[in-house]
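Trainee: I would like to learn how to read cysteines, metal sites and charged pairs from a set of coordinates. Could we go through one example together?

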Amino acid sequence: MITELHTEWTVEDICEGFVYNESEGKGLFGMGGKLTIQPEYQRNYIYADGKKDVAVIDSVLKGYPIGLIYFVRTEDGQYEVLDGQQRITSLGRFITSRFAIKINGMDQYFRGLAKELQEKILKTKLLIYVCEGEEKEIKDWFKTINIVGVPLNEQEKLNAIYSGSFVTLAKEEFSNSQNSNIAKWSSYIKAVANRQEFLACALNWVSKGNIDGYMSLHRRDTNINELKTYFNSVIDWVDSVFLNTYSEMQTIEWGRIYEEYHKKPYNPKEVSEKVEELYADEFVRNKKSIFEYVLGGCEDSKLLEIRIFDERDKKTVYAKQTQKAEAQGVSNCPLCALGNDNNKNRIWKITEMDADHVTAWSKGGTTDISNCQMLCKTHNRAKGNK
Ligand SMILES: [Zn+2]
């Protein structure tokens, strides 16, 4: 790989003919069309938060360095930004008056700035390394560059490694914050489009967790039909089975749940009533497991982490039960007392017993003292397994 350091290019040179795509949040071109600001392996522009983009302009105005920028020279003599896209896009957006900075507490757009400040920005020289080499070489290097600001997340790195037609199409669908489906997706997935989080989710579902392998296999595909169809099948299924949405739904592994349950028939009205009832049940501690519990036919109540009896209630019940048992000369475990073995008269210590719902929670029993009995650990376990 050949590298060459350029110190003569100014902000004005780099931002000449700057083109920005508002809907995709991408800086597209600069240097009068010779520079591609966001090649496929670059992530979307994430500096537009009124802080990082402003900080870039403040740095330039104060004469602070904004760090090294890396370009790749392609075979046809054009340039692509390898690292520095966020900074260049911030500069380009500012110069084209797309955001303001504060000067003496006042919002100032570029077009309203004093001439000498405009000049100061435009004439600032940047430090740019231009490199030329094999695609693989350059991509390996890209992986090792420590990007200023927000580090690349896992999906952004994978997009860089497997850049190609598939990633381009997949990003158009899943990483475009203007996609009108995002509101629907967001009911079931907690994600930010331009951080590639919907894409990561879609890939995770379709690949059953093997995102890397899937991206490698489909890298040269010219369509994303399977990815899109599978993702929509999962979302549409969840959307049809559950009539209401709850915030906990965003934390659920719908891909796995879909695989496990989508072939079973459900009555959405009944499902939704059951979900609502469990949501209102103060004894259900694990709200996010309600959906799977209901899909599974309301059988596995362990999922719900039903509230347990507190220590004070246990002590009260233990004392009462033990006093009565001693008076009758039987075990203080009511189930031992019914038996015929050596434990028939045994008085267990409180540490040898556990609290049990007399009427099971699933049969409507509550978790209060009136529904609490102490059983020896063996009997409690045996009852729990029924
Ligand atoms: Zn017992």
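Mentor: We will take the features one at a time, keeping in mind that this is a predicted model.

Trainee: How many disulfides does a search of the whole structure find?

Mentor: A disulfide is a covalent bond between the sulfur atoms of two cysteines. In this model, the search of the whole structure returns 0 disulfides. C131 illustrates the point, since the nearest cysteine sulfur, that of C15, is 20 Å away, whereas the cut-off for a disulfide is 2.5 Å.

Trainee: Is C131 buried or exposed?

Mentor: C131 has a relative accessible area of 0%, and therefore counts as buried.

Trainee: Which protein atoms are the donors of the zinc ion?

Mentor: For a metal site, begin with the donor atoms and then turn to their geometry. The zinc ion has as its protein donors the SG atoms of C333, C336 and C376 together with ND1 of H379, at 2.0 to 2.3 Å from the ion. Along the chain, these donors follow the spacing C-x2-C-x39-C-x2-H. The pair C333 and C376 links distant parts of the chain, 43 residues apart, with C333 in the loop between α15 (311–328) and α16 (334–338) and C376 in strand β11 (residues 372–376).

Trainee: Why is the arrangement around the zinc ion called tetrahedral?

Mentor: The reasoning runs through the angles: the 4 donor atoms subtend 99 to 115° around the zinc ion, so the arrangement is tetrahedral, given that four donors count as tetrahedral if all angles lie between 85 and 135 degrees.

Trainee: And are the zinc-binding cysteines C333 and C376 buried or exposed?

Mentor: Both C333 and C376 are buried, and C336 is buried as well, because its relative accessible area is 3%.

Trainee: Let us turn to a polar residue away from that site. Where is Q155 found, and which residues does Q155 touch?

Mentor: Q155 is found in helix α6 (residues 154–161). With a relative accessibility of 5%, Q155 counts as buried. Leaving aside residues up to four places away in sequence, Q155 touches Q196, L199, A200, L203, I211 and M215.

Trainee: How many salt bridges does a search of the whole structure find?

Mentor: The search finds 21 salt bridges, and a few of them show how to combine distance, position and exposure. One of them joins K102 and D107, whose closest N and O atoms are 2.9 Å apart; K102 is exposed, with a relative accessible area of 55%.

Trainee: What does the salt bridge between E282 and R307 tie together?

Mentor: In this pair, the side chains of E282 and R307 meet at 3.6 Å, N to O. E282 lies in the loop between α13 (268–280) and α14 (290–295), and R307 in the loop between α14 and α15, so the salt bridge ties together parts that are 25 residues apart in sequence. E282 counts as exposed at 58% relative accessibility, whereas R307 is partly exposed, at 31%.

Trainee: How should I read the salt bridge of K314 with E311?

Mentor: The closest N and O atoms of K314 and E311 are 3.2 Å apart. Because K314 and E311 are 3 residues apart in helix α15, about one helical turn separates them. K314 is buried, with a relative accessible area of 17%, while E311 counts as exposed at 51%.

Trainee: Which residues are linked in a network of salt bridges?

Mentor: E253, R256, E260 and E292 are linked in such a network.

Methods. Residues are numbered from 1 along each chain as its sequence is written. This is a predicted model: local features need pLDDT of at least 70, side-chain atom pairs count only at pLDDT 80 or more; totals for chains, interfaces and linings use all residues. Side-chain values use heavy atoms; hydrogens and water are left out. Buried means under 20% relative accessible area, exposed over 50%, partly exposed in between (1.4 Å probe, protein chains only). Donors are N, O and S atoms within 2.8 Å of the metal (3.2 Å for Na, K and Ca); water is not among the atoms, so sites may look incomplete. Four donors count as tetrahedral if all angles lie between 85 and 135 degrees; four count as square planar and six as octahedral if opposite donors are over 155 degrees apart and all others between 65 and 115; anything else is irregular. Helices (H or I, at least four residues) and strands (E, at least two) are DSSP runs, numbered from the N terminus. Contact means heavy atoms within 4.5 Å. A salt bridge is a side-chain nitrogen of Lys or Arg within 4 Å of a carboxyl oxygen of Asp or Glu.
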